[in-house]
Amino acid sequence: MHIEDDLLPFEPEVDLGHHEIEFDQHTDAMLLEWIQIVTSGWPEAAHDLGATLADNPGRISRAFRSLLAGYSARPEELLKITMATPHDGHHGLVSSDKIPFLSFCAHHFLPFFGWVDIVYEPGDYIIGIGKMPRLVSCRAKRFQLQEMLVKQIAEDMMHHARAKGVYVRSAAHHMCVCYRGPDFASVKNVTTYTLGTLGQPEREPEIQSAMQAAAGD
């Protein structure tokens, strides 16, 4: 499988950390009540789900708590400064390639998943390279739209990492497109967003070169 086609977020999990909440039979009952509404006329649906929860109450709620844990992190705290740039500045770009993510569509409450590329030109500071995957996880593990995901990441890099410029690209499969509505399982959606110095058209070859180098092309 070619790397650009490998959209499944199977990389090691980024631990955002969040306050644990107790989920039990009471929360399962509320969940099953919602399922009964959604599957009205199909009583076996809630029965089948309820049967799997009996041996581990709260399992589904805990899973969704983890999948939406981006709300427990703040981008400005994740993008802490690692070092100041040299006195003569940083001459070049920094990129992080194929950062995997999984998010939930704010329109349909269905998952979409893929990867994000970030290319930025440092300003006064350079952030740790591990901060960019954490930022993607923070922004993705929320109710999201792919267009807003790249925009928010770019704005975070400009405001909190104090970048001179940033380019963000995302490619993803959406379950609301692949298995609902249009029902086109092979569709891949791509979104981009640029700010600052990297928004200038003449910087495009430099951006592409940085991404190709990161991908080993």
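A nonpolar core is a set of buried Ala, Val, Leu, Ile, Met, Phe, Trp, Tyr and Cys residues joined through side-chain atoms within 4.5 Å. I wrote that down before anything else, and I also noted that this is a predicted model.

**Entry 1: the cores**

I looked up the largest nonpolar core and found 27 residues in it. Which residues have the most contacts inside this core? They are Ile118, Tyr120 and Met157. Next I checked where the core residues come from. The elements β2, β3, β4 (125-127), α5, α6 and β6 each supply at least two of them. Helix α6 gives the largest share, six residues.

I then picked Tyr120 and listed its contacts, leaving aside its neighbours within four places in sequence. Among the residues it touches are Leu93, Val94, Ile126, Ile127, Met132 and Met157. Ala163, Gly165, Val166 and Leu198 are also in contact with Tyr120. Apart from the largest core lies another core, of six residues. Val119, Leu198, Ala210 and Met211 are among its members.

**Entry 2: the whole chain**

Here I stepped back to the full chain. I counted eight helices and seven strands in the protein chain. How much of the chain is buried? Buried residues make up 39% of the 217 residues. The accessible surface comes to about 12,200 Å², and 56% of it belongs to carbon and sulfur atoms.

I also looked at how far along the sequence the contacts reach. Of the contacts between residues at least 6 apart in sequence, 73% join residues at least 24 apart. For one pair to look at on screen, I chose Gln25 and Gly58. These two are 33 residues apart in sequence, yet 6.6 Å apart in space, C-alpha to C-alpha. Gln25 lies in helix α1 (residues 25-38). Is Gln25 buried or exposed? I put Gln25 down as exposed, because its relative accessibility is 55% and exposed means over 50%.

**Entry 3: the sheet**

I traced an open sheet of five strands, with the order β5-β2-β3-β6-β7 and mixed pairing. Which strands are at the edges? They are β5 (143-144) and β7 (189-196), and each pairs on one side only.

Inside the sheet I followed strand β2 (residues 94-105) and its partner β3. Nine bridges join these two strands, which run antiparallel. For a spot to find by eye, I noted that Phe101 stands opposite Gly114 in β3.

**Entry 4: salt bridges**

A reminder to myself came before the search: side chains of opposite charge can pair when their charged atoms come close. How many salt bridges does the whole structure have? The search finds nine.

I looked at Arg74 and Glu76 to begin with. They form a salt bridge, with their closest N and O atoms 2.6 Å apart. Arg74 counts as partly exposed at 46% relative accessibility, and Glu76 is partly exposed too, at 33%. Arg74, Glu76 and Glu77 are linked in a network of salt bridges.

Then I went to Asp117, which forms a salt bridge with Arg169, the closest N and O atoms being 2.8 Å apart. This pair links distant parts of the chain: Asp117 sits in strand β3 (residues 111-121) and Arg169 in strand β6 (residues 165-174), 52 residues apart. Asp117 is buried, with a relative accessibility of 0%.

My last pair was Asp156 and Arg139, whose side chains meet in a salt bridge at 2.8 Å, N to O. Asp156 lies in helix α6 (residues 146-159) and Arg139 in helix α5 (residues 131-140), so the pair ties together parts 17 residues apart in sequence. Both Asp156 and Arg139 are buried.

**Entry 5: the cysteines**

I ended with disulfides. How many are there? The count comes to zero. Why does Cys105 not bond to Cys176? Their sulfur atoms are 4.3 Å apart, and that is too far for a bond, because a disulfide needs the two sulfur atoms within 2.5 Å. From the side of Cys176, the closest cysteine sulfur is the one in Cys105.

I checked how covered these two cysteines are as well. Cys105 is buried, with a relative accessible area of 6%. Cys176 has 10% relative accessibility and also counts as buried, because the cut-off for buried is under 20%.

Methods: Residues numbered from 1 in each chain as written. Predicted model: local features only at pLDDT ≥ 70, side-chain atom pairs only at ≥ 80, totals over all residues. Heavy atoms only, no water. Helix = DSSP H or I, 4+ residues; strand = E, 2+ residues; numbered from the N terminus. Buried < 20%, exposed > 50% of the residue type's maximum accessible area, 1.4 Å probe, protein only. Contact = heavy atoms within 4.5 Å. Areas by Shrake-Rupley, 256 points an atom, 1.4 Å probe, with all protein chains shown as cover. Salt bridge = Lys/Arg side-chain N within 4 Å of Asp/Glu carboxyl O. Pairing = 2+ DSSP bridges.
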